[in-house]
Amino acid sequence: MSGRVSGKVVIVTGAAAGLGAAIARRLGEEGATVVRTDIADGQDVVGQDVTDETQWRDLIADVVKTHGRLDGLVNNAGIADGKGPPDPEGALAEDWRRIYAVNVEGVFLGCKYAVPAIAAAGGGAIVNMSSIGALVPTPFLSAYGASKAAVMQFTRSVALHCCEHGYAIRCNSVHPGQVRTPMHLDLIARTAAELGIDEEQAAEAFLSKVPMKKWQEAADIANGVLFLMSDEARFVTGASLVIDGGMSLTN
Ligand SMILES: NC(=O)c1ccc[n+]([C@@H]2O[C@H](COP(=O)([O-])OP(=O)(O)OC[C@H]3O[C@@H](n4cnc5c(N)ncnc54)[C@H](O)[C@@H]3O)[C@@H](O)[C@H]2O)c1
């Protein structure tokens, strides 16, 4: 099957690296016109800090002006750690605020400005990147886990809001388990340093939590997002698509 999202104009945030880059590539392969944004520089990447409301307003207006429409948004940008320790006792309020600003407010602002634009195009789809961290307790990443649970519930509110207003916009969350992106490699390095073990041992400990006993690939997440952005998912809204190799079953 090809052209599964052809003709659609879609924004992907956090698309300079990791999952966002893979999602943008996959949607492009299936025919979408993809606008990639990121706070970091990258090839064909539009500069955007998802915590900045004015930038969201301008981005959506620019995309509609340039491409004539907006059909979809993938709120993928996210961060996991801050300057202080990540556990509930040691965490810094400043880190909580920053993690919430990017992971929760960034998603809220994206939905706030994309919903009317997508509605004006006759409907479409939004995917918000949550995490397995929304489903299993994460004392070693406490703000992150709480922020991703907020993303899941906000997604459900957006989904119902759009139904109630007759917008034909579906909104779903995606929950990756462990994919070896820069964010995940960083987590492994930090864990290894904290425990005084080498990174290979830390990686093994993380992998042992995955019943399928394999690392996921970014493509596994990109394919899930592709399905949700396509018309194949026309009756799927407010859902949480867990792509984690079974990790949430046993942890
Ligand atoms: N990798 C995993 O195992 C995993 C698991 C569960 C959930 N996730 C989620 O998937 C998403 C992508 O994660 P990843 O692993 O590719 O991370 P990553 O750190 O490799 O990439 C994230 C991208 O977001 C960008 N970004 C950060 N802050 C931003 C901001 N304020 N505005 C715009 N862009 C910003 C970064 O520059 C980076 O390019 C995140 O929301 C993350 O929480 C990842």
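**Close-ups of a predicted model**

**View 1. Helices α2 and α3 run roughly parallel to each other.** The cut-offs for such words are simple: angles under 35 degrees count as roughly parallel, over 145 as roughly antiparallel, 65 to 115 as roughly perpendicular, and the rest as oblique. This is a predicted model, where local features need pLDDT of at least 70, side-chain atom pairs count only at pLDDT 80 or more, and totals for chains, interfaces and linings use all residues. Residue numbers start from 1 along each chain as its sequence is written. Helix α2 covers residues 53-67 and helix α3 covers residues 93-120; they pack at an angle of about 25°, with axes 9 Å apart. (Helices are DSSP runs of H or I with at least four residues, strands are runs of E with at least two, and both are numbered from the N terminus. Axes are lines fitted to C-alpha atoms, for helices over the stretch in contact, and angles run from 0 to 180 degrees between N-to-C directions.) The way α2 passes α3 is a right-handed crossing (the near helix is turned clockwise from the far one by less than a right angle; anticlockwise would be left-handed). On the α2 side, look for Glu 53, Trp 56, Arg 57, Ile 60 and Val 64, which meet Leu 109, Gly 110, Tyr 113, Ala 114 and Ala 117 of α3. Contact here is a matter of C-beta atoms, placed from the backbone, lying within 7 Å. Sorted by class, this α2 and α3 contact has seven nonpolar, one polar and two charged residues. (Ala, Val, Leu, Ile, Met, Phe, Trp, Tyr, Cys and Pro count as nonpolar, Asp, Glu, Lys and Arg as charged, and the others, Gly among them, as polar.)

**View 2. Two residues of α3, Ala 101 and Glu 105, are both in touch with Thr 51.** Besides Thr 51, Ala 101 touches Gly 106, if residues up to four places away in sequence are not counted. With the same kind of neighbours left aside, Glu 105 also has Tyr 100 as a contact. Ala 101 is partly exposed, with 17 C-beta neighbours inside 10 Å, and Glu 105 is partly exposed too, with 18. (A residue is buried if 20 or more other C-beta atoms lie within 10 Å of its own, exposed if 12 or fewer, and partly exposed in between, with C-beta atoms placed from the backbone.) For a sense of scale, Ala 101 and Ala 32 are 69 residues apart along the chain, and their C-alpha atoms are separated by 29 Å. Glu 105 and Gly 72 are 33 residues apart in sequence, and 18 Å lies between their C-alpha atoms.

**View 3. Helices α1 and α7 lie oblique to each other.** They pack at about 50°, and their axes are 8 Å apart. Again the crossing, α1 past α7, is right-handed. From α1 come Gly 18, Leu 19, Ala 22, Ile 23, Arg 26 and Leu 27; they meet Ala 218, Ala 219, Ile 221, Ala 222, Asn 223, Val 225, Leu 226 and Met 229 of α7. By class, that gives 11 nonpolar, two polar and one charged residues.

**View 4. Helices α5 and α6 pack at an angle of about 110°, with 8 Å between their axes.** That makes α5 roughly perpendicular to α6. Here α5 passes α6 in a right-handed crossing. Ile 188, Ala 189, Thr 191, Ala 192 and Leu 195 of α5 meet Glu 199, Gln 201, Ala 202, Ala 203 and Phe 206 of α6. The tally by class is seven nonpolar, two polar and one charged.

**View 5. A shell of 29 residues surrounds the ligand.** Gly 14, Gly 18, Gly 78, Thr 181 and Met 183 come nearest (to count as near, a residue's C-beta atom, placed from the backbone, must lie within 6 Å). Helices α1 (18-29) and α5 (182-195) each supply at least two residues of the shell. By class, the shell divides into 15 nonpolar, 12 polar and two charged.

**View 6. Gly 145 of helix α4 (residues 142-164) is buried.** It has 22 C-beta neighbours inside 10 Å. Leaving aside neighbours within four places in sequence, Gly 145 is in contact with Gly 133, Ala 134, Pro 137 and Thr 138.

**View 7. Asp 44 and Lys 213 each have a positive phi without being glycine.** Asp 44, with phi about 60°, sits in the loop between β2 (33-38) and β3 (45-47). Lys 213, with phi near 60°, is in the loop between α6 (199-207) and α7 (218-229). Asp 44 is exposed, with 11 other C-beta atoms within 10 Å, and Lys 213 counts as exposed with 10.

Notes: Two residues are in contact if their C-beta atoms, placed from the backbone, lie within 7 Å.
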